[in-house]
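I wanted to see how the aromatic side chains are arranged here, and I kept my notes in the order in which I looked things up.

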Amino acid sequence: MSSNPNTPGAGDISEDVKILHSMGYAQELLRSMGAFSNFAISFSIICILSGGINSLAQATSGAGGIGIGIGWPLGCLISGVFGLAMAQIASAYPTAGGLYHWGSILGNRFTGWLTAWFNLLGLVTVLGAINAGTWGFFAGAIAPWFGINVDTTTSAGLFNQIAFIGIITGGMALINHFGISLTAKLTDFSGYLIFATAVALTVVCLYYAPSWDFSRLFTFHNYSGDVGGGVWPSVSNNWIFLLGLLLPIYTITGYDASAHTSEETVRAAHSVPRGIVSSIIWSAVFGYIMLCAFVLMIPNMDEAAKQGWNVFFWAMDARVPHTIKEVLYVAIFISQLLCGLATVTSASRMIFAFSRDGGLPFSKVLAKVSPKYRTPVAAIWTGATLAFLFVWFTSLPDVSIGGTSAYTIVVSCTVIFLFFSFAIPITLGLFAYGTSKWPKMGPWNIGRAAYSLFAILSIISMVLIFIIGIQPPNDWALNITIGFLVLTAIVWVVFERRRFQGPPIGDMIAKRQAEIAAAEAAIGK
């Protein structure tokens, strides 16, 4: 065993490969990621400098300071119970596309197939949402330096938006194409950069704050409607606080990336669950400190609410000197780009794993691994292309549903779809543990009682997320979710019920050993 936890050892890798073979799969991807790299890829996707900043108005134009002071830790706690339950399953079943396998192994072919589609749809649309958010930050922070037209109500501004998102999405896919080693180095750097930038932004906010009025962090306002810049429609006091929970719940997602890169991680049964849990904890803590400091810096909470989605730039312009502000903007922008890069990795591994078992159209192509780069090249470019098309469609000026932009509604659906994909295997695990489907916990073991508690809390949280996610202005999310469920039911019954076999189990694993050896020999060449 290697002395450095982030340096792979030959014995560690051989044990990981043995576990993978026992599940019926070949070691085609390059297993070179250490414990820190596995943590960093989830920490990079969570990226408190992306969701925490770009979606900040959901709190400041919602319930005000209490949306951060109380809402942020409450929302992080909701994400945390999912993460703890998922980490326990990940330790027992460390495979790429983890959620799909968990849903299949702990349930059946259908539950695995449904989990895969929920997770895949969530990953593709969240990649689009991240890159669209990066455009929004670029438009407000950096584009003015170069006189770039960012007014998307004009044809030139709309073209610049689409071109920008197309270029960065393509660049993320290209980096992923060239191998996990390069991607891991960049996400490792991203982990350090997010820590450093969050600390720097916190110090700047506290230094330039007119006073440290901590009471504003626990003071409630109802800024729904016009007084909040129209971020939320006019709703009751209770609802405006609950809607603000979407800020931390949306931000603290992406930790399933640690599971999706299991087959590229050394000592995966140990490193993956730790990566999931530690990425949530550190993001929650650093995000809370950073956003609290920002709220303390805001000149006036009523005026901040009126700024709507522009609140971050408004407050920074009001308090922070030009040079310091621009240095922070560059660091935040780079962090957001690396957030998208890590999301491409996560989405492509999900596509690869699901295709490996024939779950998607053109599965043979999508499951193919490049012998040169040891990456699922077709899956990478497919995920990136779908995310770009999603953004392109929802960015068209006339695309709306019930008067609300299609993009806003689909992003709400993204949260619902992702957490549904988390909740399905977690719920199945409640009933599967102790049976032949899940005979024992993995080496990262919180115990049966603790898992059951977190699983039950996850189910309760899923109900809460669904209720919040379908409130105005996202009430069309309910129709879209129901429509998706009806469509998947039809596709399953008509096409997939007989065709799709799911992951190998029982005798099928033994029969695949020759195929496994051949696949690894081909990659070795």
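**Aromatic rings**

I began with Phe195, which is buried, its relative accessible area being 18%; the cut-off for buried is under 20%. I kept in mind throughout that this is a predicted model.

I next looked for a ring beside it, and found that the centres of Phe195 and Phe286 lie 4.9 Å apart with their planes at 70°, so I entered the pair as edge-to-face, since planes over 60 degrees apart count as such. This pair joins distant parts of the chain, because Phe195 belongs to helix 10 (residues 180–208) and Phe286 to helix 14 (residues 268–297), 91 residues apart.

Which residues form one aromatic cluster with Phe195 and Phe286? I listed Phe36, Phe39, Phe43, Tyr192 and Trp282 alongside these two.

I then turned to the whole model, for which the count of aromatic pairs came to 43. Among them I noted Phe138 and Phe164, which are stacked, with 4.6 Å centre to centre and 25° between the planes. This pair, too, links distant parts of the chain, with Phe138 in helix 7 (residues 109–141) and Phe164 in helix 9 (residues 155–177), 26 residues apart.

Are these two rings buried or exposed? I found Phe138 buried, at a relative accessible area of 10%, and Phe164 buried as well, at 12%.

Last, I checked for a charge over a ring, and recorded that Arg356 lies over the face of Tyr25, at 3.8 Å from the ring centre.

Notes. Residues are numbered from 1 along each chain as its sequence is written. This is a predicted model: local features need pLDDT of at least 70, side-chain atom pairs count only at pLDDT 80 or more; totals for chains, interfaces and linings use all residues. Side-chain values use heavy atoms; hydrogens and water are left out. Rings of Phe, Tyr and Trp (its six-membered ring) pair if their centres lie within 6.5 Å; planes under 30 degrees apart count as stacked, over 60 as edge-to-face and the rest as tilted. Helices (H or I, at least four residues) and strands (E, at least two) are DSSP runs, numbered from the N terminus. Buried means under 20% relative accessible area, exposed over 50%, partly exposed in between (1.4 Å probe, protein chains only). A charge sits over a ring if NZ of Lys or CZ of Arg is within 6 Å of the ring centre and within 35 degrees of the ring normal.
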